[in-house]
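User: Got a minute to walk me through this chain? I'd like the overall layout before I get into details.
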Amino acid sequence: MTDFIHTLSDGCPVRIALKHSAKKNIILRPLAADAASVNVPKWFGRRNLQIWLAEHENLLRQTLDRWTQRPSESLSDGLPQEIWFRGGRLPLATDGSADAVVLDGSRILLPEAAPAEQKRLLKAALRRHAAQTLPPRLWAHAGRLNLRPAAAALTDAKTFWGVCRARTGIRLNWRLVGAPDFVADYVCVHELCHLPHPNHSAAFWELVGRHTPHTQAAKDWLKRHGRELFVLG
Ligand SMILES: [Zn+2]
């Protein structure tokens, strides 16, 4: 469904589905928190649209916000249709032949089971993936910055992405597996920089900025989509 990726001024990618119609105006519709369909007149090519989207970024953002603000379907027993995984929105599908959750990069296959059980299995699979990827990512940054925490572990916290304590080390929220890698990188660097600066002083932010060029884009991404990473609870 995606015809091209449009990059917003803060670096966030938006999937664009292009449709030509007999109408003379341009119509935007949200398809997901990071995707929109755009109806354009027949003579309006992709290049024209790319320029138009850059000039009308506010309109595109408002369109995407309409998706985020739509009344959400009840998730009490069911599952969402798609979830964030490493910065992409992956559709969920039930596969009768699967005996475990399969994260194949373009979609997520779930074994046949009641929705509540599928949700439990999916959450466990994402947590395992987080355990395999987030602490190694943190240790790689620790080596690069030469700032070594006492330990690295995951947390199930509902209110923060990471926490750093001198004695117990750093804990990262496992739900960061949903975020793009540059966001996970930012959280790792943020927590590591708390080792020399256990505060949010100007010196702390100066150090963070020096070690990750994507600070603002990552903060924006979390502000925009962070809540959606809690869709499974
Ligand atoms: Zn902090």
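Analyst: Sure. One term before we look at the sheets: two strands count as paired if DSSP finds at least two bridges between them. Also keep in mind that this is a predicted model.

User: OK, so which strands does β4 pair with, and in what sense?
Analyst: Strand β2 (residues 13-21) runs parallel to β4 (residues 35-41), with seven bridges joining the two. On that side, S21 sits opposite P41 of β4. Strand β3 (residues 27-32) pairs with β4 too, here in the antiparallel sense over five bridges. R29 has S37 in β4 as its bridge partner.

User: What links β3 to β4?
Analyst: A hairpin, through two residues.

User: Zooming out, how many helices and strands are there in the chain?
Analyst: Six helices and 11 strands. The C-alpha atoms fill a box of roughly 65 × 45 × 25 Å along the principal axes. Of the 233 residues, 24% are buried.

User: And which domains does the assignment give?
Analyst: Domain 1 covers 4-69 and domain 2 covers 82-230. Their C-alpha centres lie 29 Å apart. In the contact between them, domain 1 supplies six residues and domain 2 supplies eight. The domain 1 side of that contact has three nonpolar, one polar and two charged residues.

User: Let's talk cores. Which residues touch the most other members in the largest nonpolar core?
Analyst: That core has 31 residues, and the ones touching the most other members are L138, L176, A179, V183, A184 and V187. Elements giving two or more residues to the core are β8 (108-110), α3 (115-145), β11, α4 (181-193), α5 (202-211) and α6 (215-225).

User: Which of those gives the most?
Analyst: α4, with eight residues. As background, nonpolar side chains tend to be buried together in soluble globular proteins.

User: Is there a separate core, and what does L138 contact? Actually, start with L138: what is it in contact with?
Analyst: Leaving out neighbours within four places in sequence, L138 is in contact with A152, I170, L172 and C188. As for the other part, a second, separate core has nine residues, A36, V38, L53 and L64 among them.

User: Back to α4. Why do you call it enclosed?
Analyst: Because 11 of its 13 residues are buried, α4 is largely enclosed by the rest of the structure. The buried ones include V183, A184, Y186 and V187, as well as D185, H190 and E191.

User: What covers them?
Analyst: The cover includes α3, β10, β11, α5 and α6.

User: How does the length of α4 compare with what its residues should span?
Analyst: It agrees: at 1.5 Å a residue, the 13 residues should span 18 Å, and the end C-alpha atoms of α4 are 18 Å apart.

User: You mentioned β10 and β11 in that cover. How are they paired?
Analyst: β10 (residues 162-165) and β11 (residues 169-173) are antiparallel, with four bridges. C164 stands opposite I170 in β11, and a hairpin of three residues connects the two strands.

User: Which face of β10 is covered?
Analyst: The one with G162 and C164; V163 and R165 make up the uncovered face.

User: New topic: W221. Where does it lie, and is it buried or exposed?
Analyst: W221 lies in helix α6. It counts as buried because 21 other C-beta atoms lie within 10 Å, and the cut-off for buried is 20 or more.

User: What does W221 touch?
Analyst: Not counting residues up to four places away in sequence, W221 touches C12, A179, P180 and V183.

User: Last one: which residues other than glycine have a positive phi?
Analyst: Two to look at are R86, with phi near 50°, and N146, at about 55°. For context, most residues other than glycine have a negative phi.

User: Where are those two, and how exposed?
Analyst: R86 is in the loop between β5 (82-85) and β6 (88-94). With 17 C-beta neighbours inside 10 Å, R86 counts as partly exposed. N146 belongs to the loop between α3 and β9 (152-155), and N146 counts as exposed, with 7 C-beta neighbours inside 10 Å.

Note on methods. Residues numbered from 1 in each chain as written. Predicted model: local features only at pLDDT ≥ 70, side-chain atom pairs only at ≥ 80, totals over all residues. Domains from an automatic or database assignment. Contact = placed C-beta atoms within 7 Å. Nonpolar A, V, L, I, M, F, W, Y, C, P; charged D, E, K, R; others polar. Buried ≥ 20, exposed ≤ 12 C-beta atoms within 10 Å, placed from the backbone. Core = buried A, V, L, I, M, F, W, Y, C linked by C-beta atoms within 7 Å. Expected span 1.5 Å × (residues − 1).
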